[in-house]
Amino acid sequence: MTLSSEQHSSRFSLDFTVYDDDLPDGQRWSTYLDVERLCRGPEPVPDWVVTGRGAIDTELGVLKTGKEADVFLLRRAAPGTDGVVMAAKRYRSAEHRSFHRSTTYTEGRRVRRSRDQRALVKGTAHGREVASGQWAVAEWSALVRLWEMGLPVPYPVQIDGTELLMELVTDADGLPAPRLAATRPDADLLAAYFEQVRDALGLLARAGLAHGDLSPYNVLAAGERLVVIDLPQVVDLVANPAGPDLLLRDCTNLCTWFRRRGLEVDEHDLFGDVIAQAW
Ligand SMILES: Nc1ncnc2c1ncn2[C@@H]1O[C@H](COP(=O)(O)OP(=O)(O)OP(=O)(O)O)[C@@H](O)[C@H]1O
Ligand SMILES: [Mg+2]
């Protein structure tokens, strides 16, 4: 396990790392209790979350590589149990990352430590590390907040640096859920899906928020239920001047897909309906 701890006094600062010498490659001791309480998911913690000391995390492989992050499957199990498979979203640092999510989203957000701010501005390696950590924290905060609001999002299990562990969204067979874009629902299910989208956007808007990168690729189809993912750029509809434009884009991305599948919906109607709930 990588235990990183800093001890501060007026005289020294100490960093140390403990490696999982005693575990094979691809395994580590569960990091659940290593992170601070606020880096663990909100109460009530669902029954399926493995919380005990002595549990082992096992890498099962890549689920999907993305533009900013890669999503892996990770099993966490107490000794002698099957445990649970989670999604581990790991934000890339350094060169591996592209930076299309930019100041449109971050306007109004501040970086506290000035060294971090300088590094971000200069685009140094440290700056890129800070940036990916910030996206991870941003997504973590959004997941926690939206989960607590009752939005259909994966339960956030923990955040540790640039790694976010969350509920794996599954389909009716227990396999990782397909993205909405890959599904061909019949007319009834299509209409039911659209109502779920409308409800989710409305709930977000009543909290003054928009997703900001919503598309049929960032919505998963868990059987008859939709789950919204990929939330690091959640936008403040009121404070961010680009908020309404981003909401309209979200509505357009989704309505375009629903129309293509045969449901006559209009992005301006949806937008009007949703934004009215924000004020
Ligand atoms: N909790 C989850 N349960 C099941 N699958 C997930 C989960 N989180 C992510 N995925 C899968 O991983 C993919 C990438 O996740 P996400 O969209 O959060 O990351 P991203 O780096 O922004 O990817 P992209 O650049 O493709 O948008 C998703 O499209 C989905 O297929
Ligand atoms: Mg995505």
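Q: Which strands each supply at least two residues of the lining of the second largest pocket?
A: In this predicted model, the strands β4 (56-65), β5 (69-77), β6 (84-91) and β8 each supply at least two residues of that lining. The lining holds 30 residues, and those nearest the centre of the pocket are Lys 64, Val 71, Tyr 217, Asn 218 and Ile 229. The space in this pocket comes to about 660 Å³.

Q: How do the residues of the lining of the second largest pocket divide into nonpolar, polar and charged?
A: The lining of the second largest pocket is made up of 15 nonpolar, five polar and ten charged residues. Val 71 and Ile 229, both named among the residues nearest the centre, count as nonpolar because Val and Ile belong to that class, whereas Lys 64, also near the centre, counts as charged because Lys belongs to the charged class.

Q: What makes Asn 218 count as buried?
A: The relative accessible area of Asn 218 is 9%, and since buried means under 20%, Asn 218 is therefore classed as buried. Its place is in the loop between β9 (209-210) and β10 (219-222).

Q: What lies 2.8 Å from a polar atom of the side chain of Asn 218?
A: The backbone oxygen of Asp 213 lies 2.8 Å from a polar atom of the Asn 218 side chain, a distance that falls within the 3.5 Å limit set for a polar contact. When residues up to four places away in sequence are left out, Asn 218 touches Asp 213 as well as His 211, Val 227, Val 228, Ile 229 and Asp 230.

Q: Why is Val 137 called partly exposed?
A: Val 137 has a relative accessibility of 43%, which is neither under 20% nor over 50%, so it belongs to the class in between. This residue sits in helix α3 (residues 125-149). Val 137 and Leu 164 are 27 residues apart in sequence, while their C-alpha atoms are 8.5 Å apart in space.

Q: How do you know that β7 and strand β8 pair?
A: Two strands pair if at least two bridges are found between them, and β7 and β8 (residues 163-167) are joined over four bridges in the antiparallel sense, so the condition is met. One of the bridge partnerships links Gln 158 to Leu 165 in β8. The two strands form a hairpin with two residues between them, and Gly 161 in the turn has a positive phi of about 65°.

Q: Why is strand β7 described as largely enclosed?
A: Of the five residues of β7 (residues 156-160), four are buried, so the strand is largely enclosed by the rest of the structure.

Q: What makes an empty space a cavity, and not a pocket?
A: Rolling a probe the size of a water molecule over the atoms shows where empty space is left. In a cavity such a probe fits but cannot get out, whereas a pocket is open. The structure holds one cavity of 30 Å³ or more, and about 90 Å³ of space lies in the largest cavity.

Q: Which element gives the most to the lining of the largest cavity?
A: Helix α4 (187-206) gives the most, with five residues, and β11 (225-228) also supplies at least two. The lining divides into ten nonpolar, two polar and no charged residues. Gln 196 and His 211 line this cavity, and they are classed as polar because Gln and His appear in neither the nonpolar nor the charged list.

How values were computed
Residues are numbered from 1 along each chain as its sequence is written. Chains are lettered from A and ligands numbered from 1 in the order in which they are written. This is a predicted model: local features need pLDDT of at least 70, side-chain atom pairs count only at pLDDT 80 or more; totals for chains, interfaces and linings use all residues. Side-chain values use heavy atoms; hydrogens and water are left out. Buried means under 20% relative accessible area, exposed over 50%, partly exposed in between (1.4 Å probe, protein chains only). A polar contact is a pair of N or O atoms within 3.5 Å; within protein, one must be able to donate a hydrogen and the other to accept it, and residues adjacent in sequence count only if both atoms are side-chain atoms. Contact means heavy atoms within 4.5 Å. On a 1 Å grid over the protein atoms alone, a cavity is a set of points where a 1.4 Å probe fits but cannot get out, and a pocket is an open set with protein on both sides within 12 Å along at least five of seven lines; lining residues have an atom within 4 Å of a point. Grid points are joined across faces, edges and corners, and a volume is the space filled by probe spheres set on the points.
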